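Got a model open and wondering where to look? Here is a quick tour, from the whole chain down to single side chains.

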Amino acid sequence: MEDLLSLKELQLDALREVANIGAGHAATALSQMIGETIMISVPTISVSRLEEVPPHITTPDEPVAAVLMHMLGDLTGRTLLVFPRRTAMRLAELLLHRRESEDFSDMQQSAIKEAGNILSSAYMNALSDFMGMMLIPSPPSLAVDMSNAVLTTAYLDFGTDKDFVFCVESEFLMDNVDEHLRGFFLLLPDSASLHAILKAVRVA
């Protein structure tokens with residue numbers, strides 16, 4: 001997997017453009033869900049070891065909400081959409097149009113899972129179009145825990161030879177208030193799909 005680190009800036013630009021398209025679709029879908037205009041900043045994309053990701057998301061003692069989905073079809077692997085606690089709670093409020101009395105209530109978790117499903121699918125659809133391959137997302141599952149715990153579980157489940165991930169950080173901007181919501185989309189392709197992605201960006 002070391003060849004991931006050898007990606008040139010031009011190749012990362014190709015992946016960044018895919019992420020940008022996916023983020024645009026995600027912003028449109030989110031706007032429709034909450035009934036307000038959502039803008040999105042140009043996403044940043046990086047390649048790192050999974051265990052190096054948590055500090056970029058939040059502090060070690062702050063919980064996160066992570067929506068896990070499997071990629072099926074021509075491309076296989078997993079995706080994680082990770083929201084820091086503040087973003088997750090605010091997103092749930094916007095979707096439910098009310099405040100809950102407790103953190104991560106059942107209603108909030110359901111709303112976060114549905115948002116994660118739609119946003120992750122937007123990113124995956126952009127990747128599917130770029131690759132010209134069929135990509136089918138699985139139903140989502142939600143984990144609420146400290147970021148280290150969430151990502152360590154994903155790392156252990158996925159296998160020691162899949163320790164590099166693509167991390168896309170996006171910032172959603174609400175049009176009517178000065179509010180920024182941050183989300184992190186992690187792509188963990190399996191070996192065959194990773195090689196296909198690397199091949200695609202090197203000829204793009």
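The tour below goes from overall layout to helices, an aromatic pair, salt bridges and a surface patch.

A word on ground rules: this is a predicted model, where local features need pLDDT of at least 70, side-chain atom pairs count only at pLDDT 80 or more, and totals for chains, interfaces and linings use all residues. Residues are numbered from 1 along each chain as its sequence is written, and side-chain values use heavy atoms, with hydrogens and water left out.

**Overall layout**

The protein chain has six helices and eight strands; helices here are DSSP runs of H or I with at least four residues, strands are runs of E with at least two, and both are numbered from the N terminus. Walk along the sequence and you meet them as α-β-β-α-β-β-α-α-β-β-α-β-β-α. Of the 204 residues, 50% count as buried (buried means under 20% relative accessible area, exposed over 50%, partly exposed in between, with a 1.4 Å probe and protein chains only). The accessible surface comes to about 9500 Å², and carbon and sulfur atoms hold 53% of that; the areas come from the Shrake-Rupley method with a 1.4 Å probe, and for residues only the protein chains shown count as cover. Take the contacts (heavy atoms within 4.5 Å) between residues at least 6 apart in sequence: 72% of them join residues at least 24 apart.

**Two helices**

Helix α1 (residues 9-34) runs for 26 residues and reaches 36 Å from its first C-alpha to its last, close to the 38 Å expected at 1.5 Å a residue. The expected span is 1.5 Å times one less than the number of residues. Gly35 follows α1 with a positive phi near 75°. Helix α4 also has its 26 residues checked this way: they should span 38 Å, and the end C-alpha atoms are 37 Å apart, which agrees. Just after α4 comes Gly132, with a positive phi of about 70°.

**An aromatic pair**

Which rings make up the structure's one aromatic pair? Tyr123 and Phe185 do, stacked at 4.6 Å centre to centre with 15° between the planes. Tyr123 sits in helix α4 and Phe185 in strand β8 (residues 180-189), so the pair ties together parts that are 62 residues apart in sequence. Rings of Phe, Tyr and Trp (its six-membered ring) pair if their centres lie within 6.5 Å; planes under 30 degrees apart count as stacked, over 60 as edge-to-face and the rest as tilted. Both Tyr123 and Phe185 are buried.

**Salt bridges**

A search of the whole structure turns up five salt bridges, meaning a side-chain nitrogen of Lys or Arg within 4 Å of a carboxyl oxygen of Asp or Glu. Three of the pairs are listed here.

| Pair | N to O distance |
|---|---|
| Arg16 and Asp13 | 2.4 Å |
| Asp103 and Arg85 | 2.6 Å |
| Glu169 and Arg182 | 3.3 Å |

Arg16 and Asp13 are three residues apart in helix α1, which means about one helical turn separates them. Asp13 is partly exposed at 34% relative accessible area.

**A nonpolar patch**

On the surface, Leu72, Met134 and Ile136 make a nonpolar patch of about 270 Å². Patches are built from residues with over 30% relative accessible area and no salt bridge, joining like charges within 9 Å and nonpolar side chains (Val, Leu, Ile, Met, Phe, Trp, Tyr) within 5 Å. Met134 lies in the loop between α4 (106-131) and β5 (135-137), and at 48% relative accessibility Met134 counts as partly exposed.
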